[in-house]
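Student: I have a structure open and would like to learn how to read it. Could we go through it one feature at a time?

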Amino acid sequence: MRVIVENRFALFGLVALALTALLGVAFLTRPLTAEVGVSEAGTVRPDRAVQVCPEPHEDSDADSVAAAFAPRVSRDDEGELWGVPVPGTPSEDDEDEDTEDGEASPSPDPADAAEDDLIGDQITEPNRVWSAETGDLGDPTAVHASGDLASGLEIAQITASDDEATEVLCAQPSIGTWFALPGGDDPDGVDLEELTAHLSNPEDFRATASIDVYTADGPSHSTESRGIPLGPGESTELDLTELVHSTSAVGVHVRTSTGRVAASLLAEHSSGGTDWVNPTSEPAEEAIVPGVPGGEGVRRLMLAAPGDDPVTARVHVLTEEPADDEDGEDGDDDGNGTGTPGDPYTVHVPPAASAWLSLESALAEEPGTVVVEADGEVVAGVASEFDDGSETAYSSAVDPLDRPLDTTAVLPDVPRDAETEVVVGAVESDAAIVATPVGADGDQGDAVKLTVPAGTTQVFGTDAGDEDVAWEPPPGIGAGEGYAVRLDLVDDGSGPVHVGRVLRTDDGVGAAPVRPAPVEVPLPVVRDSLVGLTP
């Protein structure tokens with residue numbers, strides 16, 4: 001030891017030897033699978049899901065049906081899917097009978113719910129159609145799924161009669177949900193008489209929600225729209241009419257400070273039409289709205305810019321024929337030439353406000369896809385009126401079907417007594433999409449393939465003019481029964497495509513976006529970072 005202390009070089013050598021030993025131990029004891037699922041993004045199949053279908057609006061002649069479908073991935077797939085009511089917020093007397101902290105208990109598992117509480121039949125296999133009549137329930141319906149039935153799941157509720165058709169995508173609980181729609185004061189009569197927010201908390205912890213409204217003149221709110229409490233398994237409704245009565249366009253943001261809520265909006269027009277406003281994509285500099293119905297009547301684009309700066313948006317429309325190119329030369333002799341990439345519309349949206357644009361001349365009564373490109377973040381939706389406003393439909397911006405994971409979508413309910421049109425827009429490149437009908441017991445019908453040239457919107461469905469792109473119901477389906485349709489993006493290099501569904505009865509029209517229903521979702525890279533994953 002004395003030699004080491006007196007010789008500075010010996011001390012240096014001892015420190016170097018110690019460091020080398022530590023590095024050697026670390027190398028020999030490192031995890032053998034450190035790179036797997038850590039340094040590269042992985043995927044996982046969801047094994048829990050819940051969506052809430054709002055209580056149907058009153059109409060004595062209409063039938064309301066909620067339907068769910070999850071595609072099969074492998075032969076051994078299994079799980080559970082069931083529905084339970086989400087009661088309204090209890091009164092003070094009811095709260096006294098609840099647990100000590102006033103929390104009602106939802107039904108997270110079918111084993112915990114009384115048999116009388118279950119809505120519809122419980123299913124345990126994917127590739128089966130779950131459905132239940134919801135018109136007389138008096139409460140929203142929460143549909144829970146576990147195991148393999150939670151991946152690729154989509155749930156929708158259709159209310160239909162001879163003179164009415166509405167479709168609402170059952171809402172996923174979220175910390176933030178956006179909508180775009182008309183207001184209560186419009187110079188052309190496209191305005192609302194009532195607007196109601198339906199909020200539900202299907203989960204087992206409390207939630208607190210607030211609602212922000214962006215009018216043409218700026219933000220609007222009330223004390224009732226702030227700090228809305230929802231206990232586990234509770235739902236409520238909030239009248240927003242006073243917040244939108246003096247504006248021509250509205251953006252609505254439902255957000256939470258604690259927990260998550262499932263949000264839906266019901267818009268009742270002054271001219272008589274009533275429809276659900278499906279959620280739109282989150283604010284972004286690009287918004288694409290597919291599934292704008294064809295035919296006569298008003299077609300109006302609604303935009304809202306929630307930021308603190310004014311936004312300028314360029315808008316063009318894709319119809320069946322190719323649009324003008326950037327040089328102004330028509331891609332086809334029948335191209336419409338208005339509101340196209342070569343000649344876009346321009347909309348100016350004030351800060352934290354909303355604006356609108358008429359689309360009738362650009363669409364020329366054809367079904368279409370609306371593309372919005374802005375210099376700031378916006379949310380977008382399209383309101384359609386038919387028969388002088390006695391019937392309405394709402395189309396919303398939606399994420400595309402795209403590779404590698406978002407290649408599948410689902411129509412959980414295709415009623416036999418209504419016409420279904422699937423409206424597909426290809427913005428960037430050519431695409432091909434296949435529709436496969438699936439019966440309640442998993443029987444499949446003949447698949448139909450649709451090719452969509454870049455820059456166009458194409459339609460296929462139950463009553464397409466071209467028999468090559470019209471599908472037939474799967475075998476064994478009765479006249480009054482519905483079925484599901486699985487949509488798959490096919491061909492290498494195909495896509496992305498934005499998809500919407502238009503539903504038509506004798507005099508009714510409904511519209512809803514078709515969102516991707518992936519069977520796998522991405523996991524983030526978490527190596528050498530502070531990122532963590534929680535269930």
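**Reading strands, bonds and burial**

Tutor: Start with a strand pair: strand 27 and strand 30 (residues 456–461) run antiparallel and are joined by six bridges. Keep in mind that this is a predicted model.

Student: What holds such strands side by side?

Tutor: In general, the strands of a sheet pair through backbone hydrogen bonds, in a parallel or an antiparallel way. In this case, Val423 is the residue opposite Val459 in strand 30.

Student: Over how many bridges does strand 27 pair with strand 32?

Tutor: Strand 27 pairs with strand 32 (residues 498–504) over seven bridges, in the antiparallel sense. There, Glu421 faces Val502 of strand 32.

Student: How many of the eight residues of strand 27 are buried?

Tutor: Seven of the eight are buried, so strand 27 (residues 419–426) is mostly covered. For the protein chain, 51% of the 535 residues count as buried.

Student: How many helices and strands are there in the protein chain?

Tutor: The protein chain has five helices and 34 strands.

Student: How do I read a sheet with several strands?

Tutor: Read the order of the strands across it. One open sheet here has four strands in the order 2-7-4-5, with antiparallel pairing. Strand 2 and strand 5 (119–123) are at the edges with a single partner strand each, so each has one side without a neighbour in the sheet. On average, neighbouring strands of this sheet are turned by 15° against each other, direction ignored.

Student: How many bridges join strand 4 to strand 5?

Tutor: Two bridges join strand 4 (residues 79–85) to strand 5, and the two run antiparallel. Leu81 has Ile123 of strand 5 as its bridge partner.

Student: What is a disulfide?

Tutor: In general, a disulfide is a covalent bond between the sulfur atoms of two cysteines. The count here is one disulfide. Cys53 and Cys170 form it, with their sulfur atoms 2.0 Å apart.

Student: Why does the pair of Cys53 and Cys170 tie together parts that are apart in sequence?

Tutor: Cys53 lies in strand 2 (residues 48–53), while Cys170 lies in the loop between strand 9 (164–169) and strand 10 (176–182), so the pair ties together parts that are 117 residues apart in sequence. The link of Cys53 and Cys170 is right-handed, with 95° about the S-S bond.

Student: Are Cys53 and Cys170 buried or exposed?

Tutor: Both Cys53 and Cys170 are buried.

Student: How do I decide whether a single residue is buried?

Tutor: Compare its relative accessible area with the cut-off, which is under 20% for buried. Asp488 has 15% relative accessibility, so Asp488 counts as buried. Asp488 lies in strand 31 (residues 482–490).

Student: With which side chains does the side chain of Asp488 make polar contacts?

Tutor: One polar contact is with the side chain of Thr408, at 3.1 Å. Another is with the side chain of Arg486, at 3.0 Å. Leaving out residues up to four places away in sequence, Asp488 touches Thr407, Thr408, Ala432, Ile433 and Val434.

Student: Where is Ala68, and is Ala68 buried or exposed?

Tutor: Ala68 is in strand 3 (residues 63–69). Ala68 is buried, with a relative accessible area of 1%. Beyond its neighbours within four places in sequence, Ala68 is in contact with residues including Leu81, Trp130 and Pro412. The C-alpha atoms of Ala68 and Ala145 are separated by 9.9 Å, although the two residues are 77 residues apart along the chain.

Technical notes. Residues are numbered from 1 along each chain as its sequence is written. This is a predicted model: local features need pLDDT of at least 70, side-chain atom pairs count only at pLDDT 80 or more; totals for chains, interfaces and linings use all residues. Side-chain values use heavy atoms; hydrogens and water are left out. Buried means under 20% relative accessible area, exposed over 50%, partly exposed in between (1.4 Å probe, protein chains only). A polar contact is a pair of N or O atoms within 3.5 Å; within protein, one must be able to donate a hydrogen and the other to accept it, and residues adjacent in sequence count only if both atoms are side-chain atoms. Contact means heavy atoms within 4.5 Å. A disulfide is a pair of cysteine sulfur atoms within 2.5 Å. Two strands pair if DSSP finds at least two bridges between them. Axes are lines fitted to C-alpha atoms, for helices over the stretch in contact, and angles run from 0 to 180 degrees between N-to-C directions.
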